[in-house]
Amino acid sequence: MKFENSEYFKILNPTKLVMPFGTYYLCEKFLIVELDEGVHFDWDKAEQIIQKVFEFYGDDAKIGFISNRINHYSVDPNNWKKVEEKYSLIIASAIVMYNSSTYMNASIEKQFTQKSIKRCMSLKEAIDWMQNLKEFN
């Protein structure tokens with residue numbers, strides 16, 4: 001389910017950021033990402049969005065990250081490690097899966113980071129989990 005079609009869209013009142021490779025919804029404590037179909041999300045794209053995140057949240061940002069995988073695309077799993085080493089902005093991540101291949105990809109990506117990545121079966125599960133993180137309460 002697209003975030004804009006969810007019950008949370010109006011409740012969270014996010015700032016919508018449309019990039020050439022996907023749409024980002026900047027909420028108070030976390031962001032929700034919906035990458036475009038067929039994109040390969042590499043380090044160059046990661047740095048582009050990281051700069052926008054710092055502009056919005058500030059240089060000392062500590063946020064959660066939800067990847068709402070509604071489309072098929074590829075991700076360089078090394079991005080997780082690079083973000084962790086170069087920036088310390090992501091507290092925890094959730095990946096919303098809609099099929100078995102997304103589950104396998106998320107399982108592989110978990111191996112590239114020390115941070116928590118929760119695999120979720122719905123956008124609601126991911127948002128509820130993110131809102132209840134002890135780091136935000």
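## A tour from strand β3 to helix α2 and beyond

Select Glu-34 to begin; this residue lies in strand β3. The model is a predicted one. Glu-34 counts as buried, because its relative accessibility is 3% and the cut-off for burial is under 20%. Show its surroundings, leaving out neighbours within four places in sequence: Glu-34 is in contact with Met-1, Lys-2, Phe-3, Gly-22, Thr-23, Tyr-25, Asn-68 and Ile-70. Next, draw a C-alpha to C-alpha distance from Glu-34 to Phe-21. The two are 13 residues apart in sequence, and the distance in space is 9.0 Å.

**Thr-23**

One of the contacts of Glu-34 is Thr-23, so select that next. Thr-23 has its place in strand β2. Is Thr-23 buried or exposed? Its relative accessible area is 15%, and Thr-23 is therefore buried. Not counting residues up to four places away in sequence, Thr-23 touches Lys-16, Leu-17 and Val-18, and also Ile-32, Val-33 and Glu-34.

**Helix α2**

Now select residues 43-57, which form helix α2. How far apart are the end C-alpha atoms of this helix? They are 20 Å apart. The 15 residues should span 21 Å at 1.5 Å a residue, so the two values agree.

Colour the buried residues of α2: Trp-43, Lys-45, Ala-46, Ile-49, Ile-50, Val-53, Phe-54 and Tyr-57. An α-helix has 3.6 residues a turn, so residues three or four places apart point the same way. To see what the buried residues of α2 pack against, add the strands β1 (15-19), β2 (22-26), β3 (30-35), β4 (40-41) and β5 (63-68), together with helix α3 (78-86). Both earlier stops belong to strands in that list: Glu-34 lies in β3, and Thr-23 is in β2.

Before leaving the helix, step past its end to Gly-58. Just after α2, Gly-58 takes a positive phi of about 105 degrees.

**Helix α3 against α2**

Keep α2 displayed and add α3. Two packed helices are described by the angle between their axes and the distance between the axes. The axes of α2 and α3 come within 10 Å and cross at roughly 40 degrees. The two helices are therefore oblique to each other, and their crossing is right-handed.

Which residues meet here? On the α2 side select Trp-43, Ala-46, Glu-47 and Ile-50; on the α3 side, Asn-79, Lys-82, Val-83 and Lys-86. The residues of this contact divide into four nonpolar, one polar and three charged.

Zoom in on Asn-79, which is found in helix α3. Asn-79 counts as buried because its relative accessibility is 5%. Leaving aside residues up to four places away in sequence, Asn-79 touches Phe-41, Asp-42, Trp-43 and Ala-46. Of these, Trp-43 and Ala-46 are among the α2 residues that meet α3.

**Ile-63**

Go on to Ile-63, found in strand β5. With a relative accessible area of 2%, Ile-63 is buried. Its contacts, apart from neighbours within four places in sequence, include Val-53 and Tyr-57, both of which are buried residues of α2. Ile-63 is also in contact with Lys-29, Phe-30 and Leu-31, with Leu-89, Ile-90, Ile-91 and Ala-92, and with Phe-136. A C-alpha to C-alpha line from Ile-63 to Glu-28 gives 8.6 Å in space, for residues 35 apart in sequence.

**Ser-6 and Asn-13**

Move back along the chain to Ser-6, in the segment before α1. Ser-6 is buried, with a relative accessible area of 10%. Not counting residues up to four places away in sequence, Ser-6 touches Met-1 and Leu-123. Met-1 is also one of the contacts of Glu-34. From Ser-6, draw a C-alpha to C-alpha line to Ser-74: the pair are 68 residues apart in sequence and 24 Å apart in space.

Finish at Asn-13, in the loop between α1 (8-12) and β1. Is this residue buried or exposed? Asn-13 counts as exposed, because its relative accessibility is 63% and the cut-off for exposed is over 50%. Check the backbone here as well: Asn-13 is not a glycine, although it has a positive phi of about 45 degrees. Gly-58, just after α2, also takes a positive phi.

Notes. Residues are numbered from 1 along each chain as its sequence is written. This is a predicted model: local features need pLDDT of at least 70, side-chain atom pairs count only at pLDDT 80 or more; totals for chains, interfaces and linings use all residues. Side-chain values use heavy atoms; hydrogens and water are left out. Helices (H or I, at least four residues) and strands (E, at least two) are DSSP runs, numbered from the N terminus. The expected span of a helix is 1.5 Å times one less than its number of residues. Buried means under 20% relative accessible area, exposed over 50%, partly exposed in between (1.4 Å probe, protein chains only). Contact means heavy atoms within 4.5 Å. Axes are lines fitted to C-alpha atoms, for helices over the stretch in contact, and angles run from 0 to 180 degrees between N-to-C directions. Angles under 35 degrees count as roughly parallel, over 145 as roughly antiparallel, 65 to 115 as roughly perpendicular and the rest as oblique. A crossing is left-handed if the near helix is turned anticlockwise from the far one by less than a right angle, and right-handed if clockwise. Ala, Val, Leu, Ile, Met, Phe, Trp, Tyr, Cys and Pro count as nonpolar, Asp, Glu, Lys and Arg as charged, and the others, Gly among them, as polar.
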